[in-house]
Amino acid sequence: MKVLCLHGDEQNSEIFRSQLGLQDLGIDLSFDFANGPLQCPNSPTKDASAGYRYFDTEDADDIRKATEWLAARLENDGPYDGIISYSQGAALVSSFLLYRQWFDHDLPPLFRFAVFIGGSVPLKVLKDLGVPVSSKAESVVTQAKLQSGQGREPMLPHTKEARRALFNSDDCFGLNLNKIPLELKIRIPTAHIWGENDALFPASVQLAGLCDPYLRKVYVHSGLREVPQEKKDLDELKLLIEWCAQRATWPGQMQL
């Protein structure tokens, strides 16, 4: 099985490769690490530390352009069975999946599984797709971004609401999942990894809420918004990747 891997903002493919450390998996997977299409300002041009991103803002127009880049990448270098993405890469992947399911709902999925690390779904993308986004949902994400930008821990109200939000389809940090059509639910096997000390974790919970709960696994590590580097966390990440890949081969999965 062939898996595409997309890094976070201001990173590159080699950094992400070293962070994941995907040796000794229990199944046969090959990994293709891609740099984002936009080089970050003031970043070295050819150095191994050069930073890239997929979009400059979370405006729907910017993200649509990024999804076009991803579609071209899949056309040229695919097909891929799965995708692993981190932070901004995960925001791109969630947006790509939702746009395709809404506008090309009669076509089969381009990925059979997805792994999101520090993931999110941009609320402006949901609005662009006609999803009702409450003021609470916007407020939660705005507050979380402010906390993260100031290097602070998650807000206490967010931490208290975390578990209920993950399983409450009426109020997933302000998103009413019952009012979102099936075409805008991600219905392939997914794994969601985030840090309990990541102030932006409510956005990861919102993304998990948009994924089929019967095809979803969640793992919360003790760190921040990062690819966790503790051995026990990396071991768990490998197990989640293996679970997703194996679940994707179940009969009938591709007909979803």
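**Note on the predicted protein chain**

1. E10 is exposed, with a relative accessible area of 53%, and in this predicted model the residue sits in the loop that runs between β1 (2-6) and α1. The backbone of E10 also deserves a look, since its phi is near 65°, a positive value in a residue other than glycine.

2. A second residue with a positive phi is S87, where the angle is about 55° although S87 is not a glycine. S87 belongs to the loop between β5 and α3, and with a relative accessibility of 13% this serine counts as buried.

3. Another backbone feature to check is the peptide bond from G78 to P79, which is cis, with omega near 5°. P79 is placed in the loop between α2 (60-77) and β5 (82-86).

4. Turning to the chain as a whole, a reader new to the structure will find eight helices and eight strands in the protein chain. The radius of gyration is 17 Å, close to the 18 Å that the globule rule gives for 256 residues, so the chain is as compact as a globular protein of that length. The C-alpha trace spans about 45 × 40 × 40 Å along its principal axes.

5. Of the 256 residues in the protein chain, 53% are buried, while the accessible surface comes to about 12000 Å², with 49% of that area belonging to carbon and sulfur atoms. When contacts between residues at least 6 apart in sequence are considered, 76% of them join residues at least 24 apart. As for charge, the chain carries 27 positive and 34 negative side chains, and the centres of these two sets lie 4 Å apart.

6. The aromatic side chains form six pairs by the ring-pair rule. In one of them, the rings of Y99 and F103 have centres 6.2 Å apart and planes at 20°, and because planes under 30 degrees apart count as stacked, this pair is stacked. Both residues lie in helix α3 (residues 88-103), four residues apart, which is about one turn of the helix. Their surroundings can be compared through the accessibility values: Y99 counts as buried at 6%, whereas F103 is partly exposed, with a relative accessible area of 47%. Elsewhere, ring pairs link F16, F33 and Y86 into a cluster.

7. Helix α3 also holds S95, a residue that counts as buried at 0% relative accessibility. Apart from its neighbours within four places in sequence, S95 is in contact with I63, T67, P122 and V125.

8. S120 is found in the loop between β6 (113-117) and α4 (123-128), and this serine is buried, with a relative accessible area of 9%. Not counting residues up to four places away in sequence, S120 touches A90, A91, S94, A203, L207 and R225.

9. The last residue to examine is L29, located in the loop between α1 (13-20) and β2 (30-34) and buried, with a relative accessible area of 12%. L29 touches M1, V3, I241 and A245 when residues up to four places away in sequence are not counted. The C-alpha atoms of L29 and N12, which are 17 residues apart along the chain, are separated by 21 Å.

Terms used
Residues are numbered from 1 along each chain as its sequence is written. This is a predicted model: local features need pLDDT of at least 70, side-chain atom pairs count only at pLDDT 80 or more; totals for chains, interfaces and linings use all residues. Side-chain values use heavy atoms; hydrogens and water are left out. Helices (H or I, at least four residues) and strands (E, at least two) are DSSP runs, numbered from the N terminus. The radius of gyration is taken over C-alpha atoms; the globule rule is 2.2 Å times the number of residues to the power 0.38. Buried means under 20% relative accessible area, exposed over 50%, partly exposed in between (1.4 Å probe, protein chains only). Contact means heavy atoms within 4.5 Å. Accessible areas come from the Shrake-Rupley method with a 1.4 Å probe; for residues, only the protein chains shown count as cover. Lys and Arg count as positive and Asp and Glu as negative; His and the chain ends are not counted. The place of a charge is taken as NZ of Lys, CZ of Arg, CG of Asp or CD of Glu. Rings of Phe, Tyr and Trp (its six-membered ring) pair if their centres lie within 6.5 Å; planes under 30 degrees apart count as stacked, over 60 as edge-to-face and the rest as tilted.
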